[in-house]
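The exercises below are meant to be worked with the sequence and the coordinates at hand. Each task is followed by a solution that proceeds step by step.

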Amino acid sequence: IAQSPARSVLCLPILVQSRLVGLLYLENNLLVGAFSARRLSLIEVVSTQLAISLENAELYQERQERAEQAARQEVTTTTALLERSRLAALFEQAPAAIAMLDGAFHLITLANAGYQRMTGNRPLIGLTIREAFPELAGQGHFELLDRVYETGESFQARDALVKLSRGPAGALEDGFYDFVYQPLRDSNQAVTGIMVLAFEVADRVRARQALQDSEERLRLAIDA
């Protein structure tokens, strides 16, 4: 300003609700006292209108930012729902029998169609493993699940004999399964549950047993 050839200078604060948002700077290089009281009144009106315009611009910017944030949140939510739906479809269509057990009491929270069929389509969700499968008592599976939960170490079995009550009469049926008890962990690596993944392999086991029986009969015939 000191180096300016201006003969008249005016500097007004621009206030929005008593908050300084800018300055209005004017200069006149021709006249001394160019900013008379009448002109100053007009400039103050212009300054007020400018302050209102700036406030409206800020409000519009805030609304735009909120709208963009809401749109981003909606996209994130929609994406998460689609991903969850896709995972749920994969879970249901998986060729394996899958169940999710929560907590130390092994509460059944999820069971896909394969697991439902494998276990005789009995009520499962919301029951503990001991409540849903009382016939497993004494077969060692409850103890295996407890150990997996306590130690965090997975357990795998192949051609395991499991006696389940799957018919309407409630009689126990022999079944053979490959299965995995896999611990599930939270972000702190603490075990929170167990995933059960199983395949019924009775046909394979029976075919192997039939082959072994046939080989034994052949050996006996040769020895005779």
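**Exercise 1.** Which are the buried residues of H4?

Before starting, note that this is a predicted model, in which local features need pLDDT of at least 70 and side-chain atom pairs count only at pLDDT 80 or more, while totals for chains, interfaces and linings use all residues. Residues are numbered from 1 along each chain as its sequence is written, and side-chain values use heavy atoms, with hydrogens and water left out.

Step 1. Locate the element: helices (H or I, at least four residues) and strands (E, at least two) are DSSP runs numbered from the N terminus, and helix H4 covers residues 141-151.

Step 2. Apply the burial cut-offs, by which buried means under 20% relative accessible area, exposed over 50% and partly exposed in between, with a 1.4 Å probe and protein chains only. The buried residues of H4 are then His141, Phe142, Leu144, Leu145 and Val148.

Step 3. Look down the axis of H4: its buried residues fall within an arc of 165 degrees, so they line one face of the helix. The arc is that of the directions from the helix axis to the C-beta atoms.

Step 4. Ask what covers this face, where contact means heavy atoms within 4.5 Å. The cover of the buried residues of H4 includes strand E3 (97-102), helix H3 (129-132), strand E5 (155-165), strand E6 (172-185) and strand E7 (191-200).

Step 5. Examine one member of the set: His141 counts as buried because its relative accessibility is 6%. Not counting residues up to four places away in sequence, His141 touches Leu136, Leu161, Val162, Phe179 and Tyr181.

**Exercise 2.** Describe the surroundings of Ile129 and then of Tyr115, leaving aside neighbours within four places in sequence.

Step 1. Ile129 belongs to helix H3 and, at 4% relative accessibility, counts as buried.

Step 2. With those neighbours left aside, Ile129 is in contact with Leu101, Phe105, His106, Ile108, Tyr115, Phe142 and Leu145. Of these partners, Phe105 is 24 residues away from Ile129 in sequence and 7.5 Å away in space, C-alpha to C-alpha, while Phe142 and Leu145 are among the buried residues of H4.

Step 3. Tyr115, in helix H2 (residues 113-118), is likewise counted as buried, at 6% relative accessibility. Under the same exclusion, Tyr115 is in contact with Ala97, Ile98, Ala99, Leu124, Ile129, Phe133 and Val196.

Step 4. For a separation over the chain, take Tyr115 and Ile222, which are 107 residues apart in sequence and 45 Å apart in space, C-alpha to C-alpha.

**Exercise 3.** Where in the chain do His106 and Gln189 lie, and is each of them buried or exposed?

Step 1. Start from the backbone background: most residues other than glycine have a negative phi.

Step 2. His106 has a positive phi, near 60 degrees, in a residue other than glycine. His106 is found in the loop between E3 and strand E4 (107-111), and at 0% relative accessibility it counts as buried.

Step 3. Gln189 also has a positive phi, of about 70 degrees, although it is not a glycine. Gln189 lies in the loop between E6 and E7 and is exposed, with a relative accessible area of 52%.

Step 4. Add a glycine to the list: H4 is followed by Gly152, whose phi is positive, near 75 degrees.

**Exercise 4.** Characterise the fold of the protein as a whole, beginning with how many helices and strands it has.

Step 1. The secondary structure comes to five helices and seven strands, and read along the sequence it follows the pattern β-β-α-β-β-α-α-α-β-β-β-α.

Step 2. The radius of gyration of the protein, taken over C-alpha atoms, is 39 Å, well over the 17 Å that the globule rule gives for 224 residues, so the protein is more spread out than a compact globule. That rule is 2.2 Å times the number of residues to the power 0.38.

Step 3. Along the principal axes, the C-alpha atoms fill a box of roughly 135 × 40 × 30 Å.

Step 4. Buried residues make up 28% of the 224 residues. Among contacts between residues at least 6 apart in sequence, 41% join residues at least 24 apart.
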